[in-house]
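Visitor: I would like to go through this structure by question and answer. Please begin with a single local feature and work outwards.

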Amino acid sequence: MAIIVNLDVMLAKRKMQSQELADKIGITTANLSILKTGKAKAIRFSTLEAICKELNCQPSDILEYIPDED
């Protein structure tokens with residue numbers, strides 16, 4: 001996968017638990033877990049915006065592009 005999700009890193013930097021973030025942004029912990037593990041196929045901009053607002057960060061702090069090595 002070329003997109004790496006660093007949400008767990010940002011949660012650790014902010015000393016916040018997944019449950020707390022999920023409650024604050026209005027999604028289930030199961031959906032947040034899917035996003036954290038990189039298994040999500042998509043993310044709504046509204047969800048990304050809510051995450052960035054709560055964690056006081058930029059989308060690039062959460063999502064990282066790594067080109068595939070061919």
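Visitor: Which residue follows H2, and what is its phi?
Guide: This is a predicted model. H2 covers residues 18-25. The residue that follows H2 has a positive phi, near 80°, and is Gly26.

Visitor: Which residues of H2 are buried, and on how wide an arc do they lie?
Guide: The buried residues of H2 are Leu21, Ala22 and Ile25. They are on the same side of the helix, because the arc they cover around the axis is only 100°.

Visitor: Which helices do the buried residues of H2 pack against?
Guide: The side in question holds Leu21, Ala22 and Ile25. The packing partners of these buried residues are H1 (7-13), H3 (29-36) and H4 (45-55).

Visitor: Which element gives the most residues to the largest nonpolar core?
Guide: The largest nonpolar core has 16 residues, and those touching the most other members are Leu7, Leu11, Leu21, Ile51, Leu55, Cys57 and Ile62. Two or more residues come from each of H1, H2, H3 and H4. The element that gives the most, with 4 residues, is H4.

Visitor: Which residues does Leu55 contact, beyond its neighbours within four places in sequence?
Guide: Leu55 is among the core residues that touch the most other members, and H4 spans 45-55. With neighbours within four places in sequence left aside, the contacts of Leu55 are Leu7, Met10, Leu11, Arg14, Met16 and Leu21.

Visitor: How many disulfides does the structure hold, and why are Cys52 and Cys57 not bonded?
Guide: Cys52 is buried at a relative accessible area of 8%, and Cys57 is buried at 10%. The closest cysteine sulfur to that of Cys52 is in Cys57, 4.2 Å away, which is too far for a bond, because a disulfide needs the two sulfur atoms within 2.5 Å. The number of disulfides in the structure is 0.

Visitor: Is Ala2 buried or exposed?
Guide: Ala2 lies in the segment before strand S1 (3-5). Its relative accessible area is 19%, and the cut-off is under 20%, so Ala2 counts as buried.

Visitor: Which residues is Ala2 in contact with, apart from neighbours within four places in sequence, and how far is its C-alpha from that of Glu69?
Guide: Outside its neighbours within four places, Ala2 is in contact with Glu64, Tyr65, Ile66 and Asp68. Ala2 and Glu69 are 67 residues apart along the chain, and the separation of their C-alpha atoms is 9.6 Å.

Visitor: In what order do the elements of the chain run?
Guide: The chain has 5 helices and 2 strands. Read from the N terminus, the order is β-α-α-α-α-α-β.

Visitor: What is the radius of gyration of the chain, and what does the globule rule give?
Guide: The C-alpha trace spans about 40 × 20 × 20 Å along its principal axes. For 70 residues the globule rule gives 11 Å, and the chain comes close to this, so it is as compact as a globular protein of that length; its radius of gyration is 12 Å.

Visitor: Among contacts between residues at least 6 apart in sequence, what share joins residues at least 24 apart?
Guide: One such pairing is that of Ala2 with Tyr65. Over the chain, for contacts at least 6 apart, the share joining residues at least 24 apart is 67%.

Visitor: How much of the accessible surface belongs to carbon and sulfur atoms?
Guide: Of the 70 residues, 27% count as buried. The accessible surface of the chain is about 5100 Å², and the part belonging to carbon and sulfur atoms is 51%.

Conventions:
Residues are numbered from 1 along each chain as its sequence is written. This is a predicted model: local features need pLDDT of at least 70, side-chain atom pairs count only at pLDDT 80 or more; totals for chains, interfaces and linings use all residues. Side-chain values use heavy atoms; hydrogens and water are left out. Buried means under 20% relative accessible area, exposed over 50%, partly exposed in between (1.4 Å probe, protein chains only). The arc is that of the directions from the helix axis to the C-beta atoms. Contact means heavy atoms within 4.5 Å. A nonpolar core is a set of buried Ala, Val, Leu, Ile, Met, Phe, Trp, Tyr and Cys residues joined through side-chain atoms within 4.5 Å. The radius of gyration is taken over C-alpha atoms; the globule rule is 2.2 Å times the number of residues to the power 0.38. Accessible areas come from the Shrake-Rupley method with a 1.4 Å probe; for residues, only the protein chains shown count as cover.
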